[in-house]
Amino acid sequence: MLSASVKWTEAVTVVEQSRDGVTPTAATKLNSSTVKEKQPNSTDVSEGNKGMNEEEEEDREDPKTKDEKAELDCPPLGLESLGVDDSQIRASSHQRTGLGPHRGRLNIQSGIEDGDQYDGAWCAEFKDQHQWLEVDAIHLILFTGVILQGRNSIWSWDWVETYKVQLSNDSVDWQTCMNGTEEAIFKGNQNPETPVLGLLPVPTVARFIRINPQTWYSNGTICLRAEVLGCRVHDPTDLYFDQHERGSRDNLDFRHHDYKEMRKLMKSVTEECPDITRIYTIGKSYMGLKLYVMEISDNPGKHELGEPEFRYVAGMHGNEALGRELVLNLMQYLCKEYKKGTQRVVRLVTETRIHLLPSMNPDGYEVAYEKGSELAGWAEGRYSFEGIDLNHNFPDLNNIMWDAQESAADATKVSNHYIPIPEYYTQEDAMVAPETRAIISWMQDIPFVLSANLHGGELVVTYPFDCTRDWAPQEDTPTADDAFFRWLATVYASTHLVLANPDRRICHYEDFQMHNNIINGGAWHTVPGSMNDFSYLHTNCFEVTVELSCDKFPHANELPVEWENNKESLLVYMEQVHRGIKGVIRDKITKQGIANAVIKVEDHDHDIRSANGGDYWRLLNPGEYKVVVWAEGYFPSMRRCHVGMEPHPTICDFTLTKTPIQRLKEIRAKGEKIPKDLQLRLRALRMRKLRASTKAINRRRESQQLQMRRARSS
């Protein structure tokens, strides 16, 4: 029997060894066409770039290891990534529509209810050795292997334990893969979820492939999810062969980067664009891996007055690897296009301070990376090393705010922003991941305005609130800025090449097209303690979650296409940081900026605060707004601000005047003499207070006398 637990990196070696001894006459083949050579689609990193300075020795790899990593084996055909259409998959039989052959895709997820049309595998109607799942590759393929899973289900346990593989050119005459003189029997699964790789003893060229189960879990039935590995074969009869090759024109490093390789790439970008880039760390993971951030700005390392701060965060779930690679691609792209003088990028870099965190959960990613893109499964590497889901690990400020509103006599007096972190969260025994603590400190240090959290495994953009009231499992739970959040989500979704395609297939079992590919987080499923909600309630920053693709960990050969799918969305979303109003709040006399001033927008029950320099940014849709600004020790100020359709902010500056009492406190603190004008203002203020209090007393006295007269007359 063939090994059922071979790792992806090992699979490359095994197949290459088999191929070395194969000749056109000796190989088991159904077609003698030659295989088109596949080369890594990546840029070279110079020998001088060995990682961050303090870790250069650690990053030096053995040349042999580096060569093995660069060697590409045949990629997946595309069952998981939906590159293979439903019409290309057939089966001998199926139990019902929801368990049809189109559901036999690696890592496909079922709905909660068994029995609907979106179940978690292909399942044969009959339990015998004549059942099969067939894939039509359309083109000639050098097939090298098969990856199998069991059925994804809460209620049922089903998987295939052994199987045969059959190949054909016409779907009529079939040849069974041989292991020497005997038919090859491949080891399948021992549980429903763990992917198992079976390598063909001899890679074989054909168009059709069948998986033919031989034995299955004794208490179950024949059910499987599959991926097929194979290289496209050059076909001289296909006049359009080269046109089928998909990719990107951008010269970027399209491959998966582990921790060391990520550091090298980031350093290479800073060396290429030293004037606009800076690398810094915000903390370490549980296993001591640094959380690296790249800043891209025309003045790196400094917050410029009036310039908004933007961030992309990827890799919160370690096995959702596409976001990590897109952020790394974005670093390279911004650097290269800035050097070319591309006006759109130059404007972004000079007018925005951009922060890119490619890996929030590096420990989890290393676990998934070691298994490889197809063998990591659906959950391997998702959590932190401690087993914490980082997207549930932030303080639940939603319920703190909602509880306070319900118990308050006047709910409008309850704080709707900058809600403090609760005491329980700061205790020594609180289960807070070091990665989460690092992100919170980062948020508190930098006045971020806009952010997106990049995930994977679905195609949809979600927006706050993620947590529902009263712990409802699903319920639309809008924020006070629901209209602008919907705009943000729509901007990304409508420019994403796959999300915007009305003919696309749904990923698993939920059709988000009926919601225009955006959805309120709580309406999808409740997530208490999410980063999005915390960002909105504890800081000024608006944040959405982008589910980038059906496949959490796409194969390296799919990364160029995924970059093209997301490139425009990544750029246009960053540009939204310049929507709404912005300005500087200053002291009338000193002209100094006022930090921590509160900015209130009428009919928007969510306030924001000014940064240390007195500058602020309030994201708003086009319209007319009444804006009130106040700060401790100052009289409030009101302005009407107009937000136009243009993608740039309206400038709304404010000048605040200190109250006489505040001026008096400051003068007394300095031990100075009170100016005469201030003495007169304080005297007038005391007279106004005296008149007001006297008036209130007289009204109360008149009311009491009236009540007494009514009591006597009755």
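Mentor: A strand is a DSSP run of E that holds at least two residues, with numbering from the N terminus. In this predicted model, Glu547 lies in one such run, strand S18, which spans residues 542–547.

Trainee: What makes Glu547 a position to look up in UniProt?

Mentor: The unreviewed UniProt entry lists Glu547 under "active site". That annotation may be inferred rather than shown by experiment.

Trainee: Why is Glu547 counted as buried?

Mentor: Buried means under 20% relative accessible area. Glu547 has 9% relative accessibility, and therefore counts as buried.

Trainee: Which residues does Glu547 touch, if those up to four places away in sequence are not counted?

Mentor: Glu547 touches His455, Gly456, Gly457, Glu458, Leu459, Val460 and Trp524. The criterion for such a contact is heavy atoms within 4.5 Å.

Trainee: How do you know that strand S3 is mostly covered?

Mentor: The same cut-off of under 20% defines a buried residue. In S3, residues 133–149, 15 of the 17 residues are buried, hence the description "mostly covered".

Trainee: What shows that S3 and strand S9 pair?

Mentor: Pairing requires at least two bridges between the strands. S3 and S9 (residues 196–216) have eleven, in the antiparallel sense, and Leu142 has Val205 in S9 as its bridge partner. Strand S10 (residues 223–232) is joined to S3 by eight bridges, also antiparallel; here Ile147 stands opposite Glu227. Strand S1 (residues 89–91) runs antiparallel to S3 and is joined to it by three bridges, with Ala91 set against Leu133.

Trainee: Why are helices H5 and H6 called roughly perpendicular?

Mentor: The class covers angles of 65 to 115 degrees. H5 (residues 322–340) and H6 (residues 343–351) pack at about 110 degrees, their axes 8 Å apart; H5 and H6 are therefore roughly perpendicular to each other.

Trainee: Which residues make the contact of H5 with H6?

Mentor: From H5, Tyr333, Leu334, Glu337 and Tyr338 meet Val345, Val346, Val349 and Thr350 of H6. By class, this contact holds six nonpolar residues, one polar and one charged.

Trainee: What makes S21 and S24 edge strands?

Mentor: The open sheet has four strands in the order S21-S20-S23-S24, with antiparallel pairing. S21 (604–609) and S24 (637–643) each pair on one side only. From one strand to the next, the twist averages 30 degrees.

Trainee: How many bridges support the pairing of S23 with S24?

Mentor: At least two are required; S23 (residues 623–630) and S24 have seven, antiparallel. Lys626 stands opposite Arg640 in S24.

Definitions and conventions
Residues numbered from 1 in each chain as written. Predicted model: local features only at pLDDT ≥ 70, side-chain atom pairs only at ≥ 80, totals over all residues. Heavy atoms only, no water. Axes fitted to C-alpha atoms, helices over the stretch in contact; angles between N-to-C directions. Parallel < 35°, antiparallel > 145°, perpendicular 65-115°, else oblique. Nonpolar A, V, L, I, M, F, W, Y, C, P; charged D, E, K, R; others polar. Buried < 20%, exposed > 50% of the residue type's maximum accessible area, 1.4 Å probe, protein only.
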